Amino acid sequence: MLSIAAVERDTGIAKDTLRVWERRYDFPIPLRDKNDDRVYPADQIEKLRVLKRLLDLGFRPGRIVPLPIEALKELSAKSNQTAEVTTHSLSMISQEEMDRYLDLLRSHQTEALRLALSTTLMKIGLDRFVIEVVAPLIRNIGEYWANGKLEIHEEHLFTEQIKHLLRTAINSVPRGHIGQNEESSRPRILLTTFPQEPHSLGLLMAEALMALEGCSCVSLGTQTPILEIAQAARAQKADVIALSFSSQMNQNQVVDGLNELKSKLAPGVELWVGGENQALRKRTPEGVKVMAALQDISANVKGWRTKRSAN
């Protein structure tokens, strides 16, 4: 049995949402402890995990909350397979190798996992490692977590391993000496997230690909106040502000925050955004460039350079 606060931490579904679903859909159906507080059994927590995974993929609560757990798992599996085929059809990394990473993570073989990932990074290079290994692994780990096959501490361990590898690799990307004309074609990109967005891995993946494209990247980390982002853009003379949004951030906060930030930026400073948040597909403010996939980064950088050379 878990309390409502523990369920919120475990599943990522807010307490208020759980109460609304309870009234509207008759699920979850909590029991009561000796203090008359809500407590949730393991089978309901398992279903809530799968529901969260499907919500992150864009499904609406009214469609999926009433479904039985077997139907939800089938829907999640189909959605995951479709995403893999659509986004990573050119991947050279086998499912067997993916399973090996996940098995090392679940068996808590930290050093072996680090060595396996590092070896793959050296073999295939940073760009392919980000697109073909890290991105699919994140998706698979999300599926494992939704199905109760992975604990939160294991997901955190994976994230820290990847962050360390990517940061080391980014610092190793050759910068070299460039002339004044070449400098003008190197976009200066400020990377961060809004105050409500604590997830940093997507931001780091984007920074890795931008560094390979010859961009000058300045990372503020996560959860920077909007006014501070605008001030940092001026101080750093940024050409572009790149923001990452996970599916867990409120869509209204995404849209309102982007409009507020746009109003505070100097003319000519571009806003590039990416991530799994549905607001980026449905409600993006005018003038904001959405990168639907990591592969879009290269095209965006080339587009910026073309525009700069024309000016």
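Two strands count as paired if DSSP finds at least two bridges between them. The model shown in every view is predicted.

**View 1. β6 pairs with β7 and with β4.** Six bridges join β6 to β7. These two strands run parallel. One of the links takes Ile241 to Leu271, its bridge partner in β7. Four bridges join β4 to β6, again with the strands parallel. Here Ile189 has Val240 in β6 as its bridge partner. Strands of a sheet pair through backbone hydrogen bonds, either parallel or antiparallel.

**View 2. β6 is mostly covered.** How many of the residues of β6 are buried? Six of its six. Val240, Ala242 and Ser244 point one way from the strand. Ile241, Leu243 and Phe245 point the other way. Both sets are buried. Two of these residues recur from the bridge pairs: Val240, partner of Ile189, and Ile241, whose partner is Leu271.

**View 3. Strands β1, β3 and β2 form an open sheet.** The order is β1-β3-β2, and the pairing is antiparallel. β1 (2-3) and β2 (31-32) stand at the edges, each with a single partner strand, so one side of each has no neighbour in the sheet. Two bridges join β2 to β3, which spans residues 38-40. In one link, Leu31 has Val39 in β3 as its bridge partner.

**View 4. Helix α15 has a buried side and exposed residues opposite.** α15 covers residues 296-310, 15 residues in total. From first C-alpha to last it reaches 21 Å, close to the 21 Å expected at 1.5 Å a residue. Ile297, Asn300, Val301 and Trp304 are buried. Why do they lie on the same side of α15? They cover an arc of only 100° around the axis, which puts them there. An α-helix has 3.6 residues a turn, so residues three or four places apart point the same way. On the other side of α15, Ala299, Thr306, Ser309 and Ala310 are exposed. The buried residues pack against helix α11 (201-212) and against strands β6 (240-245), β7 (270-275) and β8 (288-291).

**View 5. Helix α6 has its buried residues on one side.** α6 runs from residue 95 to residue 106 and has 12 residues. Its C-alpha span, first to last, is 16 Å, close to the 16 Å expected at 1.5 Å a residue. Met98, Tyr101, Leu102, Leu104 and Leu105 are buried. Their arc around the axis is only 160°, which puts them on the same side of α6. Their cover includes α7 (110-124), α8 (126-146) and α9 (152-172). His108 follows the helix, with a positive phi near 65°.

**View 6. The largest nonpolar core has 47 residues.** Which residues have the most contacts inside it? Leu117, Phe129, Leu166 and Met210. α6, α7, α8, α9, β4 (188-192), α11, β6 and α15 each supply at least two residues. The largest share, 10 residues, comes from α8. Take Leu117, leaving aside its neighbours within four places in sequence. Its contacts are Tyr101, Phe129, Val133, Leu137, Ile162 and Leu165. Tyr101 is also one of the buried residues of α6. Another core, of 23 residues, lies apart from this one. Among its members are Ile226, Ile229, Leu280 and Val288.

**View 7. Leu204 is found in helix α11.** The residue belongs to that helix. Is Leu204 buried or exposed? At 8% relative accessibility, Leu204 counts as buried, the limit being under 20%. Leaving aside neighbours within four places in sequence, Leu204 is in contact with Lys163, Leu166, Arg167 and Ile170. Of these, Leu166 is among the residues with the most contacts in the largest core. Thr192 is 12 residues apart from Leu204 along the chain, and their C-alpha atoms are separated by 9.4 Å.

**View 8. Cys215 and Cys217 are in no disulfide.** A search of the whole structure finds zero disulfides. For Cys215, the nearest cysteine sulfur is that of Cys217, 5.4 Å away. For Cys217, the nearest is that of Cys215, at 5.4 Å. A disulfide needs the two sulfur atoms within 2.5 Å, so this pair does not qualify. Where do the two stand in accessibility? Cys215 is buried, with a relative accessible area of 4%. Cys217 counts as partly exposed, at 23% relative accessibility.

Terms used: Residues are numbered from 1 along each chain as its sequence is written. This is a predicted model: local features need pLDDT of at least 70, side-chain atom pairs count only at pLDDT 80 or more; totals for chains, interfaces and linings use all residues. Side-chain values use heavy atoms; hydrogens and water are left out. The expected span of a helix is 1.5 Å times one less than its number of residues. Buried means under 20% relative accessible area, exposed over 50%, partly exposed in between (1.4 Å probe, protein chains only). The arc is that of the directions from the helix axis to the C-beta atoms. Contact means heavy atoms within 4.5 Å. A nonpolar core is a set of buried Ala, Val, Leu, Ile, Met, Phe, Trp, Tyr and Cys residues joined through side-chain atoms within 4.5 Å.
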